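Biologist: I am new to this structure. Please take a close look at its interior and at the strands around it, and explain each term when you use it.

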Amino acid sequence: MCGIVGFIGQEQAAPILLDGLAHLEYRGYDSAGVAVISAQGKLQVKKAVGRLKVLSEQIHGGADLEGCIGLGHTRWATHGAPNIINSHPHVSENGKFAVIHNGIIENYAALRDELKSKGFVFQSETDTEVIVHLLDMYYTGDLKAAVLHTAARLEGSYALGVLCADQPGTICAVKMASPLILGVGVGENFFASDVTALV
């Protein structure tokens, strides 16, 4: 089972995401990654195979990624080998969307075939990559509408976190039959796959 965390607020996101992921280490995982949108609207993604410590050292405890909104993920492989390409967050071809996912998309093979027929190119072996391409296909400037259209196409269980570089002040989370905890604060909000990441 994967671990997911999301944060939006006034503080730097990456150190908070790493801390949240550290509290989910008990679940076991083979890779970890974070996505942060900078104040300039640039989507920054870093991933590493192995323990969370490898990712944390790579980005100097989160100091290398400036921005107050982001997603974090630890992956337990269900589709594809444990490597950088299959690790989350997954990013759209145009670099606009980043997605993290906990769960299994049961109809991913059919969605993958459909998206390939429309010209989308797949890099990974994961079921999650169909989500980022669906978002790209449905996005017309309204992120919430794109997330809802995408979620309506998915069969299975999932909890998703979504960032869009076009909307650097918004983070989306949606779930179906997978755990998703929301933390609402003053000037900051969180989500996670387990309450231990938030306490």
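Modeller: I will start with how the model is to be read, then go through the cores, the strands and the spaces.

This is a predicted model, in which local features need pLDDT of at least 70 and side-chain atom pairs count only at pLDDT 80 or more, while totals for chains, interfaces and linings use all residues. Residues are numbered from 1 along each chain as its sequence is written, and side-chain values use heavy atoms, with hydrogens and water left out.

The largest nonpolar core has 24 residues. Such a core is a set of buried Ala, Val, Leu, Ile, Met, Phe, Trp, Tyr and Cys residues joined through side-chain atoms within 4.5 Å. Buried means under 20% relative accessible area, exposed over 50% and partly exposed in between, with a 1.4 Å probe and protein chains only. Inside this core, the residues with the most contacts are Phe97, Ile131, Leu135, Leu143, Leu154 and Val162. Two or more residues each come from strands S6 (97-105), S7 (156-164) and S8 (171-176), and from helices H3 (108-117), H4 (129-138) and H5 (143-153). Helices (H or I, at least four residues) and strands (E, at least two) are DSSP runs numbered from the N terminus. H4 gives the most to the core, with 5 residues.

Val162 shows what this packing involves. Leaving aside residues up to four places away in sequence, Val162 touches Leu71, Phe97, Ala98, Val99, Leu135, Leu143, Val147, Ile171 and Cys172; contact here means heavy atoms within 4.5 Å. A second, separate core has 19 residues, including Leu17, Leu24, Leu65 and Ala192.

Now the strands. S5, S6, S7 and S8 form, in that order, an open sheet of 4 strands with antiparallel pairing; two strands pair if DSSP finds at least two bridges between them. S5 (90-91) and S8 stand at the edges with a single partner strand each, so one side of each has no neighbour in the sheet. S6 and S7 are joined by 9 bridges, and Gly103 stands opposite Tyr158 in S7.

Strand S4 (residues 69-75) has 7 of its 7 residues buried. Ile69, Leu71, His73 and Arg75 point one way from S4, while Gly70, Gly72 and Thr74 point the other way. S4 runs antiparallel to S1, with 6 bridges between them, and antiparallel to S2 (residues 31-37), with 7 bridges. Gly72 is the bridge partner of Val5 and also of Val34.

Last, the spaces. On a 1 Å grid over the protein atoms alone, a cavity is a set of points where a 1.4 Å probe fits but cannot get out; a pocket is an open set with protein on both sides within 12 Å along at least five of seven lines; lining residues have an atom within 4 Å of a point. The structure holds 1 cavity of 30 Å³ or more, and the largest cavity has about 60 Å³ of space. Its lining includes Arg75, His101 and Gly103, and divides into 2 nonpolar, 7 polar and 2 charged residues.

The largest pocket holds about 160 Å³. Of its 14 lining residues, Ile16, Asp19, Gly20, Ala197 and Leu198 lie nearest its centre. Strand S1 (3-8), helix H1 (13-22) and strand S10 (189-192) each give two or more residues to that lining, and H1 gives the most, with 4.

Conventions. Points joined across faces, edges and corners; volume = space filled by probe spheres on them. Nonpolar A, V, L, I, M, F, W, Y, C, P; charged D, E, K, R; others polar.
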